[in-house]
Amino acid sequence: MSRKTQTASAICLAIIVVLYAMYVSWRNDWYRQKMPPEVGIGDVVLIDGKSGFREGCGVAIFELTPAASAQLQAAGIRALNAGDARSPYRPSKDKNSIWHETPYVETGDGLTLEDRWAVGLSCAKLSHELSATITRAMAQPGSFYTKLYEAAVLVIPAAGIAALVFYG
């Protein structure tokens, strides 16, 4: 391989790496903005799912900040309900826009698709440990959730994470 070809290959590889890094940064920021402002989130743990032309499903999991963890330990659900309940996904402060404590009980009403967001967990490639943590948190007391449009946010203080689960 000639020196010119090696240089061109290196430049192409560098461009691809930079473009991918820019995409990952944009994606992380996009999901970060979808989280309700009252949840103090830090670094990305995992973002995964499937997307089509207009729709998608999956999960975006973030670490809780130390301040958010401390506030949740001290005030519990009051720390979340005291926050600003406005978000891009929340049309109004109705019964679905406030925080609730787990366990999450499905409505079983397939007509309203109110529980549809939970399918988003099956679209993501989660480790067995992370999947078990989220499933356990939804089934027992001690975590918190709020429903958004075609999504829900699950805050799991014991694990130090918050997950945006979406389907639609």
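**View 1. The exposed face of helix α2 in a predicted model.** Pro 66, Ala 67 and Ala 74 are exposed (over 50% relative accessible area, 1.4 Å probe, protein chains only) and sit on the face of α2 turned away from its buried side. This is a predicted model, in which local features need pLDDT of at least 70 and side-chain atom pairs pLDDT 80 or more, while totals for chains, interfaces and linings use all residues. Residues are numbered from 1 along each chain as its sequence is written, and side-chain values use heavy atoms, without hydrogens and water.

**View 2. The buried side of helix α2.** Within α2 (residues 66-75), Ala 68, Ser 69 and Leu 72 are buried, that is, under 20% relative accessible area. Because their arc around the axis, taken from the directions to the C-beta atoms, covers only 100°, they are on the same side of α2. The buried residues of α2 pack (heavy atoms within 4.5 Å) against β2 (56-64), α3 (77-81), β4 and β5 (151-156). Helices (H or I, at least four residues) and strands (E, at least two) are DSSP runs numbered from the N terminus. Gly 76, just after α2, has a positive phi of about 60°.

**View 3. A buried salt bridge.** Lys 147 and Asp 115 form a salt bridge, with their closest N and O atoms 4.0 Å apart; the term requires a side-chain nitrogen of Lys or Arg within 4 Å of a carboxyl oxygen of Asp or Glu. The pair links distant parts of the chain, 32 residues apart: Lys 147 belongs to strand β4 (residues 144-148), Asp 115 to the loop between β3 (100-101) and α4 (120-123). Both Lys 147 and Asp 115 are buried. The whole structure contains one salt bridge by this search.
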